[in-house]
Every structure is written in C-alpha cells, then in structure tokens.
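Colleague: I would like a close look at one part of this model, the surroundings of the ligand. Please take me through that part and then follow the chain outward from there.

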Amino acid sequence: MQGGVNPAVVAYLGISGVVLLLMMLLGLALRLAQAEWLSIPPDLFYEMLTAHGVGMVGIAGLAGAAIMWHFLRRHVSLSQGILVANLALFLTGVVMILAAIYVGGFGGGWTFLYPLPANSGGVWKPAAAAVYLGGLLVIGVGFLLFYLDAGRAIISEYGGLGSALGWPVLLDRSRARLPEPTIVASAMVTIVNTLGLVSGAAVLAMSLINLGLPGLAIDPLMAKNMTYFFGHVFINATIYITVIAVYEILPVYAGRPWKASKPFLWAWTASTILVLIAYPHHLLMDFVMPRWALIVGQVASYAAGLPVLVVTAYGALTLVHRSGIRWDVASSLLFLSMFGWAAGILPAIIDATITVNLVMHNTMWVPGHFHFYLLLGMAAMVYGFIYHLGHGQGRAAAESALDRLAFWLFALGGLGFVLVFLYSGKAGVPRRWAVHLPEWVGYDRLASLFALALVAAALVFTLRFLVRVPRLLAMR
Ligand code: HEM
C-alpha cells in the first residue's frame with residue numbers, strides 16, 4: 001500500500017473544488033434571474049445554463065477520477081503520465097468550451113443535441129458550435145485514456161474485468177480471489193464509462209462533420225440515443241466512482257473493515273448491466289422510439305441504482321452501528337451522501353415511469369431529482385473526501401464551529417434547494433425557462449436563499465482544502 005497524496009491528485013481536487021464553487025455561483029445566478037432578483041438577458045441565461053450543466057458534469061467526472069485513482073493505485077499499477085495527460089486535455093477542453101460559450105455565444109445546452117448546435121437561428125455561428133463540440137471531444141479523449149489505463153492495470157493484476165467484479169467468487173471457483181470494494185467499483189465504472197465515452201465521441205465526431213458538411217445529415221433519433229447513452233452513463237457513473245470514498249474512508253472512522261460479500265458482488269454486476277440499458281428513460285417522450293425500448297428503459301431505471309445503493313447503505317449502517325464512530329465533517333458528509341443518494345433516487349424512479357414522464361419531464365421535477373442525488377449524494381462524497389484529505393484523515397481533526405456550520409448549511413441548504421425544485425415541478429413550473437411567470441417567482445426566491453447557503457458551505461469546504469494543500473504536498 002502506498003501512502004501520501006499524489007501531487008496530480010491534489011491538483012485534480014484543488015481544481016475540482018474551485019470549479020464546483022464557480023459552477024454553484026453560476027447556478028445561483030440562474031436561480032436569482034428566475035427569481036427576478038438579478039437581470040440576465042435570455043441569451044446570456046442560456047449560455048450560463050450551458051456552462052453550468054457542462055461544467056458540473058465535467059467536474060464531477062474529474063473529481064471522481066481523482067478519488068478512484070487515489071485509492072485504486074493502492075491495489076494496481078496506474079500510469080501517472082495518463083493521469084496528468086487527462087488533466088491537460090481536460091483543461092484544454094475547458095478553455096475551448098468557455099471560448100465557444102462566452103466569445104462565440106454558444107447556448108445550445110450541455111447535451112449538444114443534434115441538430116441544435118447547427119441550427120442556432122443566428123444566435124451563434126457554426127464555428128462556435130464546432131469549438132464547443134471539439135472541446136467536449138478533447139475532454140472525452142482524456143477520460144477515455146484514463147479508463148483504458150485503469151482497465152489495463154486492473155486486468156493485469158486481477159486477470160480480467162470479470163474477475164475484478166468478483167465473478168469467479170460468485171461462481172464458487174476454487175482459489176477465487178475476493179476483490180476489494182474499490183476494485184469492484186473501479187471495474188464497473190471502467191466498463192460503463194468506456195462504452196459511454198466511445199458513444200459520445202462518435203456522435204460528437206459525426207456532429208462536427210455535419211457542421212462542416214451540412215449535406216451529410218445524421219439520423220436524429222440515432223444521434224439522440226447515442227448522446228443520451230453517453231450523458232446518462234457518464235453522469236450516473238460519477239456516483240458509482242465517488243462512492244469509493246465511502247468504502248475507503250468510513251471504515252477508517254468506524255475502525256472496521258468494509259469487505260465485499262456475495263450480495264455486494266451480485267449488486268455491482270447487476271448495476272453494471274442495468275445502468276447501461278436504463279438510458280431510454282431520457283427518450284420516453286420520443287414517440288418514434290420503439291415501445292419495447294421505452295419499457296426496457298422504465299424497468300431498468302426502477303432497478304438500476306437499487307442493488308448497489310442497498311448494499312452500500314446497508315453496509316454503511318452496519319459499519320457505523322455501535323462502532324463508536326467519531327463524527328466530524330468528513331464522516332458526516334460521507335454518511336449524509338448515503339441519505340442524498342437513497343432519497344434522491346425516489347423522485348428519479350417516479351420520473352422514469354412512462355405515464356408520469358409524459359407530464360413531468362419538462363418541469364422542475366427533473367432538475368429536482370438529479371440535483372438531489374448529485375448535490376447531497378455525489379458532491380457530499382467529493383467534499384467528504386477532500387475534507388478527509390485536508391483535515392486530519394481519520395485522526396483527531398481539529399474542527400471549528402465554522403466547519404460544523406458549513407456542514408449544516410450544506411445539508412439543510414441542499415435539502416431545501418432540491419425540495420423547492422421538486423415542489424415547483426409538482427406545481428408544473430417548466431424547466432430551462434429564462435423568464436418565469438409571476439406566480440412561480442416565490443419558489444425561485446426561496447430556492448435562491450437555499451442556494452446561497454449551499455454556496456457559503458462550498459466556499460468554506462474549498463478554502464479549507466486549499467489552505468492545506470502545501471501540507472498535503474509536504475506529506476509525501
Ligand atoms: C449551489 C448549487 C447549485 C445550484 C444553485 C444550481 C442551479 C441550477 C439551476 C437554476 C438550473 C436550471 C434549472 C432549470 O430551470 O431548468 C440547473 C441545471 C442544472 N444543474 Fe445545477 N445547480 C447546483 C448544483 C449542481 C450540481 C452539483 C450539479 C451536478 C454535479 C448540477 C448540474 C446541473 C445540470 C446538469 C443542469 C441541467 C442543465 C440543462 O438543463 O441543460 N447542478 N442548476
């Protein structure tokens with residue numbers, strides 16, 4: 001086992017903390033605009049919405065990659081060069097995307113849905129769309145390299161991705177090696193993200209060709225399937241990758257090991273398959289989709305997250321129960337993430353029901369459900385991890401009242417923020433509208449106050465980490 005924190009991982013996390021904070025500020029500005037407390041012209045609103053969406057998804061992927069690399073390298077031999085190359089490609093792509101949005105005026109949404117990038121109605125030029133799509137492609141190539149390297153390293157140590165998922169153990173093979181939870185999660189994310197990234201890169205390349213040669217059209221339904229397969233898999237995988245922090249850090253606090261078991265292995269294998277086939281729930285309103293695919297999407301969505309969530313939440317509860325665990329901000333955030341993930345999945349399941357989706361999908365219910373498990377689940381895991389690294393690492397952490405206040409601002413602000421989204425959705429408030437009707441503005445104002453609490457908490461978490469960076473680097 002190797003100790004210390006790799007400087008590249010520290011760079012990943014410092015950048016993740018700062019970008020998360022900046023993207024939260026953008027999100028706050030969007031909510032303030034809907035609340036009529038800030039005047040933002042609609043074209044700028046859509047540029048900011050695009051930047052917020054793509055920025056959050058990208059940075060969640062980057063933070064997750066840092067968590068996986070940090071723990072996975074204790075078991076397998078990963079390439080430091082690829083880790084650095086991924087970061088360099090990520091930053092290059094970010095510069096391209098920011099230029100496309102803020103110089104070129106691109107505001108077609110983070111999902112770059114064909115043929116919208118090429119059909120701006122004169123709001124942005126095809127060149128701006130090309131730079132945006134090119135930036136995403138550069139970032140995607142970086143992540144693909146990262147996962148190919150992880151796959152290589154896991155296969156050379158465990159003999160195959162199936163072995164890393166524990167299939168020989170499930171098949172009762174003699175001398176089967178029980179993989180550690182980090183290995184199981186890393187293998188799953190490597191499989192699903194490699195497939196998702198290849199699909200995303202292919203549709204990006206086709207869209208780029210179409211921008212240059214408009215006569216070469218793409219089948220829009222195929223493009224939408226490929227885009228949402230990529231987007232769904234990539235953003236879902238951020239939870240399956242950040243949960244490694246829970247598997248690795250909670251046991252340090254509880255003083256008990258977290259070992260994989262047969263139900264644990266079955267759950268991860270089931271979620272590997274289900275996450276890949278659940279994506280049609282993004283196309284439930286597309287009446288041209290084959291009906292069987294929509295039914296598969298609905299059924300798979302009901303089941304996709306549950307197996308891993310159940311074994312993880314149950315594992316966390318049994319780990320903590322009567323363990324005498326010491327609660328500090330890191331352990332509290334990691335425990336909170338179990339709640340955020342479990343509770344956030346419920347409105348997601350409701351939205352994945354075909355008849356409900358036809359009414360709810362374009363309402364605030366949708367940002368309500370994904371902000372629930374991404375903020376209170378995924379982001380809580382990321383903050384738990386950076387707090388743990390920067391702040392005591394399971395040993396007696398000196399915490400101030402400000403740290404504890406930040407935790408409660410995050411937990412309560414986050415809960416209030418997502419509940420207002422969900423309630424607005426129930427009330428029929430549409431999503432992605434720059435200007436809201438007067439009767440919706442009350443919800444927007446309440447949500448803005450909760451968002452302010454979230455931003456304040458994120459500021460404390462990020463600054464706390466940044467001031468500890470020199471000490472972390474010196475620990476090596
Ligand atoms: C303080 C925290 C945050 C605030 C204030 C915030 C605010 C918002 C707002 C106002 C919208 C537009 C809602 C609409 O009218 O459709 C939005 C959309 C979105 N947010 Fe957030 N958000 C926050 C955190 C996050 C996090 C942590 C993530 C993911 C890691 C995230 C990902 C997204 C995505 C993917 C969209 C959809 C963009 C689109 O519709 O194209 N947000 N957010």
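Modeller: The residues of the shell around the ligand divide into 15 nonpolar, five polar and three charged. Bear in mind that this is a predicted model. Of the 23 residues around the ligand, those that come nearest are Gln34, His52, His371, Arg431 and Arg432.

Three of these names can be followed down to atoms. Gln34 places a polar side-chain atom 2.9 Å from an oxygen atom of the ligand. For His52, an N or O atom of the side chain is 2.8 Å from a nitrogen atom of the ligand. His371 likewise has a side-chain N or O atom 2.8 Å from a nitrogen atom of the ligand. Two or more residues of the shell come from each of the elements α1 (7-34), α2 (42-72), α14 (365-390), α15 (401-426) and α16 (441-474). Helix α1 gives the largest share of that shell, six residues.

Helices α1 and α16, both named among the elements of the shell, are also joined by a salt bridge. The side chains involved are those of Asp444 and Arg31, with N to O at 2.8 Å. This pair links distant parts of the chain, as Asp444 is in helix α16 and Arg31 is in helix α1, 413 residues apart. Are the two partners buried or exposed? Asp444 has a relative accessible area of 1%, so Asp444 is buried. Arg31 is at 2% relative accessibility and therefore also counts as buried.

On the surface, α1 and α16 appear together again. Val18, Leu22, Leu25, Leu459, Leu463 and Leu466 form a nonpolar patch there, and together they have about 480 Å² of accessible area. The elements that give two or more residues to the patch are α1 and α16. Val18, one of the patch residues, has its place in helix α1. Val18 counts as partly exposed because its relative accessibility is 34%. Helix α1 thus holds the partly exposed Val18 as well as the buried Arg31.

The salt bridge of Asp444 and Arg31 can be set beside others in the model. The structure holds eight salt bridges, and two more of them are described here.

One is formed by Asp149 and Arg152, whose side chains meet at 2.7 Å, N to O. Both residues lie in helix α4 (residues 126-158), three residues apart, which is about one turn of the helix. Here the partners fall into separate classes. Asp149 counts as buried because its relative accessibility is 8%. Arg152 has a relative accessible area of 42%, so Arg152 is partly exposed.

The other is formed by Asp286 and Lys224, with their closest N and O atoms 2.9 Å apart. Distant parts of the chain are linked by this pair: Asp286 is in the loop between α9 (262-277) and α10 (291-304), while Lys224 is in helix α8 (residues 220-254), 62 residues apart. Asp286 is at 16% relative accessibility and so counts as buried. Lys224, also at 16%, counts as buried for that reason too; the cut-off for buried is under 20% relative accessible area.

To return to the ligand, the shell has 15 nonpolar residues, while the atom distances given above are those of Gln34, His52 and His371.

Methods: Residues are numbered from 1 along each chain as its sequence is written. This is a predicted model: local features need pLDDT of at least 70, side-chain atom pairs count only at pLDDT 80 or more; totals for chains, interfaces and linings use all residues. Side-chain values use heavy atoms; hydrogens and water are left out. A residue is near a molecule or strand if one of its heavy atoms lies within 4 Å of it. A polar contact is a pair of N or O atoms within 3.5 Å; within protein, one must be able to donate a hydrogen and the other to accept it, and residues adjacent in sequence count only if both atoms are side-chain atoms. Helices (H or I, at least four residues) and strands (E, at least two) are DSSP runs, numbered from the N terminus. Ala, Val, Leu, Ile, Met, Phe, Trp, Tyr, Cys and Pro count as nonpolar, Asp, Glu, Lys and Arg as charged, and the others, Gly among them, as polar. Patches are made of residues with over 30% relative accessible area and no salt bridge: like charges are joined within 9 Å, nonpolar side chains (Val, Leu, Ile, Met, Phe, Trp, Tyr) within 5 Å. Accessible areas come from the Shrake-Rupley method with a 1.4 Å probe; for residues, only the protein chains shown count as cover. A salt bridge is a side-chain nitrogen of Lys or Arg within 4 Å of a carboxyl oxygen of Asp or Glu. Buried means under 20% relative accessible area, exposed over 50%, partly exposed in between (1.4 Å probe, protein chains only).
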